[in-house]
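Let's take a friendly look at aromatic rings and the company they keep. The structure comes first, and the report follows.

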Protein chains: 4
Amino acid sequence: MELKIGVIGIGAMGRDHVERINERVNGANVTAISDINKDVATAYAKEINATFFENAEDLIASEDVDAVLVTSWDPTHEGYVLETIKHNKHVFCEKPLALESSGCTNIVNAEVEKNKRFVQVGFMRRYDRGYEEIKRELQTGSLGETLLVHCTHRNEYVDESYNTPMAVENTAVHEVDALRWLLEEDFVTAEVRLPKKQTTRTHPDLHDPQLILLETESGTVIDLEVFVNCQFGYDINCKVVCEQGEIGLTNPTYYSVKTERKDSTRVPSDWKERFISAYDRELQLWIDGVKQDHITGPSAWDGYMASVTTNACSEARDSGKIVDIKFESKPELYK
Amino acid sequence: MELKIGVIGIGAMGRDHVERINERVNGANVTAISDINKDVATAYAKEINATFFENAEDLIASEDVDAVLVTSWDPTHEGYVLETIKHNKHVFCEKPLALESSGCTNIVNAEVEKNKRFVQVGFMRRYDRGYEEIKRELQTGSLGETLLVHCTHRNEYVDESYNTPMAVENTAVHEVDALRWLLEEDFVTAEVRLPKKQTTRTHPDLHDPQLILLETESGTVIDLEVFVNCQFGYDINCKVVCEQGEIGLTNPTYYSVKTERKDSTRVPSDWKERFISAYDRELQLWIDGVKQDHITGPSAWDGYMASVTTNACSEARDSGKIVDIKFESKPELYK
Amino acid sequence: MELKIGVIGIGAMGRDHVERINERVNGANVTAISDINKDVATAYAKEINATFFENAEDLIASEDVDAVLVTSWDPTHEGYVLETIKHNKHVFCEKPLALESSGCTNIVNAEVEKNKRFVQVGFMRRYDRGYEEIKRELQTGSLGETLLVHCTHRNEYVDESYNTPMAVENTAVHEVDALRWLLEEDFVTAEVRLPKKQTTRTHPDLHDPQLILLETESGTVIDLEVFVNCQFGYDINCKVVCEQGEIGLTNPTYYSVKTERKDSTRVPSDWKERFISAYDRELQLWIDGVKQDHITGPSAWDGYMASVTTNACSEARDSGKIVDIKFESKPELYK
Amino acid sequence: MELKIGVIGIGAMGRDHVERINERVNGANVTAISDINKDVATAYAKEINATFFENAEDLIASEDVDAVLVTSWDPTHEGYVLETIKHNKHVFCEKPLALESSGCTNIVNAEVEKNKRFVQVGFMRRYDRGYEEIKRELQTGSLGETLLVHCTHRNEYVDESYNTPMAVENTAVHEVDALRWLLEEDFVTAEVRLPKKQTTRTHPDLHDPQLILLETESGTVIDLEVFVNCQFGYDINCKVVCEQGEIGLTNPTYYSVKTERKDSTRVPSDWKERFISAYDRELQLWIDGVKQDHITGPSAWDGYMASVTTNACSEARDSGKIVDIKFESKPELYK
C-alpha cells in the first residue's frame, strides 16, 4: 500500500522531496500539494498527477492525504505542523520547526498532550553514512570518552540575502543537531568569535567566516568554523577527539586523478552532491516509520533544543560573551 | 502505477533483489515468485504477499507479471530468458546470461528476430558512482587516450566449491564487462599467468592468485589480479593510465580513525558493502526503463561478449599461451 | 674547514645534537662539552674525542670553540647566551631562550648593543619541509588572504612531571613561533579554554586537553588543541584557511598497509620520528650560516615574542579571560 | 678525520654527488676530480678547492684520494672500477657497473680474487625510507608470504635520445635491483609486452609505455609499467601483495590543498625531488662504511645480477617470448 503524501510548499526543497518520493524511494506517492503561488502549483500538480489545494488546511484534512510534508516559508512551519497534529497525522517539517523556540514549545506541548510523536524535523545529517558509522564506533567505547570536537561547515558561496545571523540559524544549526545526536548530550554554553579578518568575498551584512564554540553538559568542547563563501566547494568536516584516538568524517570520494603534478580527489560543489543519499534515506525511513505509525527520526524536542541552542549562539555573537544555554526539562514522551 | 515483477529463483541474490524492489526502490512490487524448493518458496511468497508459481513458465506467462527477474541456478538462465522474450516481456538476468557463448547467441538471435531489446544482464559495476565518474572524465578527453589499465579483484575468502575456472568466469567477468563499457572497445587477446607462488589459504582445486592480461582492439593492455582469498577485505581497484594522467577508482570511505599509531580507513568486507548503491541504482533504472519500454543497461550482446572473452581467458589459462578472442559481428540492434 | 662547536648540557637533547653534528651534518665537529654532571660528561667527552670543561664559561671562552650550542637546564640558558655574545661568538640555544620575557629582553639588548645577531633559538618547525612548502604556497598569493588557522599539537603521553602550565610554555610555544613565522604577523590576544571533560590518562597537576585561541594583528584567528596524552601517537596538524582554499600540513608517510579490513598509514610515535629531518636541516643551515658569519634562523627577538605570547596565554588560562598581548617595538636589527 | 674522495666524471650526476659530499653529508671531502673536458673540470676543481687530474688513473693512484666515485660515461665504468680495486681502494660506481654482464663478471672476479668487497653500485632505492619500511614490515612476517608485486616507474618526459632499450636498461633496472633486495630472491623469467597503443608524446625510437613481467625463484610474479612520458610527474609505485594483506610505497607528501573543488597533494617532478633523501643517506652510509673498511650497500654481484636480468628483459622484448634468466652461482664473498 502506497502512502499518500501531501506537500505544502513546492519551492526547490519541496520539489526535491516530491521527486524523491515519486521517483526514488519506496512506498509513497505525492497525492496533494499546496502553495501560495496558485498558477505554478496548479501546473505542477497536473504534471505529477496530484491534487492542488488552495488552502493548506484543506490539504492537511484531506482523506487523500495520509501524512504531510512541510517545506513552505519558514514563518508558516509552526502553524501547519500544529494543524497536522490536530488531525492526528504524521508531519515531516524542514528546519526550522518554528521561528522562535516558544513556537517549538507549542508543538512539543501539542504532542505531549496527545502523548504521541507526530513530528519529524528535517535534520538529514543523522542519516549520512559517515555520521552513522562514527556514532556506531563511538558507541563501542573502544576510543574512550569524547573530549573535543572540531567541525567546519563550508559553503562555496551564498547569495546577497544571506546575512550574519543566518550563519548560526541556517548553517550551524545542522551541526547543533548532528552533534547533540552524536554525543547524546545537550549543550550548556555558547561562544561566537567574529574574526576581524574576513574574506573579501563577503558583503556588509555578512560576517564571514565565524567561529562558534559550544560546550556540552559533560564538558566536551566543540569548535565549529562556519565559512559560507569559501570558494572551493562544500566542505563538511567533523573530527571527534577521544581519549584513545580521533575519529573523523571523510568526504566520500569515488575516483582520484593524477595529472599536472597533482594527485587529487573531488570536493563536492554543494549539499545536494554531498548529502543526497542522506536525504533519500531520511525520507525512506520516515515513510517506513509512518506506515508503522512509529517514527524515530529527529523529534519536535530536537527541533526545540536546536532552537534554544542557536538562540544562545546569536546572543553570544551579539554580546561577545560566553552565554549559558537554558532549556525546559525533557518530557517523558521524548526519552 | 507499480510495475509487477516475477522473480525466478529466491536464493540469496533473489531475495536481495526482492527486498530491494519491495523496500527500497521506487515503482515496482514483486507479485510472483518461483523456485525449485516449493516449501520454502511458498512460505516466502506468503511473507512478501506474492503468488507462488510451481512452474516458472507459468510465472512468465502470468498476467500478474509485467517483467521477470531471473536469479535461478546458472544452467536455467538461458531457457527462462528465451521464454520471457517469447512473451514479449522484459527480463533482468543475473550473470551469466548463458553457460556457453552459443546460448548467448540464441538469446541475441531471439531479440534480433523481434528487433527489440528485452534483456538486461546483471553487470552492476556500470552503475557504481566511481566507474561512472571515471567514464565521464575519460569522455571529456582531458586525459588523452587510454594506454593501460591496472585492476585488482580481491575477495576476502571463498568457500571450497570455488575453483580455478571460476576466477575467470565468476570473478574476472565483472571487470571484463566493466572495462568493455568503460573503454568502449572489445578485447582481442587474452593471457593468464598462474604464479607458482600461491597463498596457503587456497585449496588444491583453486589456483590463487591469478594474473590476467587483456588487450583491446586499439591496443590498450589491461592487467587484472584476481585474488579471492586475500584475507583483508573486498578490494576492487581500477587505475586507467592515459596520455596525460592516471584516473583511478577509490574505495569510498565515510570515516577515518587515528588510534594506536595508525591512521586508517575501512576496507569493505564484501561486494554487498562495496556495491549496494550500484545494485539499487541498477534495479531502479531497469524498472524506470521497463516502464518506458526502453532499457539501456547491459544487453544480451554484452552478455555474449563477456562470454566469448572469459572463454578465451580460460583457454589461455589452460594453454599458457596468448589467445586471440573471436566474436560475431554486432547486430544493428545493439549499435 | 670544520667548525668547532662547544656543547653545554649533554642530556638527551644535547647528545642528539652532538650525534647530528659529528655523524650526519656537514662542516662541523663537537670539540668541547660542559655539563654539571662531571663524571658522565668526562666519559662522554672521551668517547666523542672532545675536551671536557668543568666551567661552561671556560668552554665559551676557549679558542678551541668557534660557536656554542646551549642545551642545558632551562634556567641557565639566559646566562650562557649572554656570555657567548660577550665573546662575539655565535650561539644556538634550545627553547626557551630565557625563563622570563625580561631575560629575552636582556639578550635582545645585548645583540642590539653590538648591532649584530649572534643568537639562534631552536624552533625547528621552520625547517620542516611541510611548513616550508605551505609558507611558499601562501606567499604566491594564489589562495588569497589567511583567515583562520586550525592546529593540533598532540603527544602520545607525557610523564608525571609535566603540568598544566607546560602545555603552553613547552608545547604550544612551538606553534606560537611557527605561526608567527608562517603568517608573518604577531599575536594580539590570547584565550585558553580548559574543557571540563578531560582524559582519564591525566593526573591532578595537568589539565589535558586544552584549547588555545590566538588572534593576530590583522585579525586572523587560530585555534590550537594541545593534547599531550592522546595515546595514539605524535600528531601535529596545521590547516590554514584562506579566501580561496585551505592548505594543510600532512603527516609524511612512506608506506600504507591494507590488512584486516583496514587501509592504514603510520602516525609517528614522537617528535624525533616526525621532525628528525627538520632538526638536521636546522643545524646544517646554522653551521653554514655561522661559517659565513650570517645567521637567518629564529632570532633572539623571536625568542622574546614567543615568551610574551606564552606569558599571555598563561594569564588567559588563569583568568579565564581574553588577554591582550603587549610587546616592545621591534629593534631595527631584526627587521 | 675527513675521507678524501676523488670523483671521475663531473656531469650533472657527478656534481650532484660533489655537492652532497662537500655540503650536506658528514665526514668526507672531494679532494680530486677528473673529467675528459679539461677546461671545465679545471675551473670546477678550483671552485671546489680540489685537484684536477687529467688522467683518471692518476687520480685513482693519488695519495690524496682515499676512495673513488665513478660518475663518468657508462662505457668507462668497468675500467675505472677495476683500476680502483687494483689499488685496494673503495669505489662507488653509478649504474651500470659495466655495459655487459661479462664486464660485471670481471669486476666480481677481481673482488673474489682479493676476497674483499671494494665496490658499491649506485642503486639508491634501497636507501629510500619507504622501501626500507616495507622491507622491515615484510621481515616481521605478519603479512605472510609475498605473492605478487605491482610496480610503476613513470617519468614526466624524456628527451629524444632516450630509446626503447633504455626503458629496460636505464629505467626498469632500478626496480630490478630494488625488488631483488626487497624480496631477497633472484628472478628466473622475464616477459615484456609492448602495447600497440602508445602515447602520442613518444617518438619513433621509443616504445612508450612498456609492461614488464618478472618471476622470482619462489614464483612471485611482478608486473612493472615503465612509462617515461607520462606528463604528470615522477610517479614510483610498488605494491607488494601478500597472503594477509598488501603493503605499498606511498609518495611522501608534506602538504595538501583544497581549492577549486579539488583536494590535492603534489606529485614530484623528478627523481631528484622524490629520492634526494635516499641519495644523501646512500652516500653518508657509504662514507661511514669506507671509514670502517666495511661496506654493506649494493655489491658488484648485485650489479651483475641487475645486468643479467635486464639483458633477459631486452631479449624478451625483442623475441616477444618469456625468457629464462641464467646466471652464475653466487661467490662466497657475497653471501
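## A tilted pair in chain D

D:Trp271 is partly exposed, because its relative accessibility of 30% falls between the limits for buried and exposed. D:Tyr279 has a relative accessibility of 6%, so this residue counts as buried. Please keep in mind that this is a predicted model.

A pair of aromatic rings is described by the distance of the centres and the angle of the planes.

## The wider search, and a pair in chain B

Over all chains, searching the whole structure turns up 20 aromatic pairs. One pair is made by B:Phe92 and B:Trp286, which meet edge-to-face with 5.5 Å from centre to centre and 65° between the planes. This pair links distant parts of the chain: B:Phe92 belongs to strand β5 (residues 90–93) of chain B and B:Trp286 to helix α8 (residues 271–291) of chain B, 194 residues apart. Are these two residues, B:Phe92 and B:Trp286, buried or exposed? Both B:Phe92 and B:Trp286 are buried.

Back in chain D, the ring centres of D:Trp271 and D:Tyr279 are 5.5 Å apart and the planes stand at 55°, so this pair is tilted.

## A cluster in chain A

Ring pairs also join up into a cluster, whose members are A:Trp301, A:Tyr304 and A:Tyr334.

## Arginines over tyrosine rings

Rings can have charged company too. In chain A, A:Arg15 lies over the face of A:Tyr44, with 4.1 Å to the ring centre. In chain B, the charged end of B:Arg15 sits over the ring of B:Tyr44, at 4.2 Å from the centre of that ring.

How values were computed
Residues numbered from 1 in each chain as written. Chains lettered and ligands numbered in written order. Predicted model: local features only at pLDDT ≥ 70, side-chain atom pairs only at ≥ 80, totals over all residues. Heavy atoms only, no water. Phe/Tyr/Trp six-rings, centres within 6.5 Å; stacked < 30°, edge-to-face > 60°. Helix = DSSP H or I, 4+ residues; strand = E, 2+ residues; numbered from the N terminus. Buried < 20%, exposed > 50% of the residue type's maximum accessible area, 1.4 Å probe, protein only. Lys NZ or Arg CZ within 6 Å of the ring centre and 35° of its normal.
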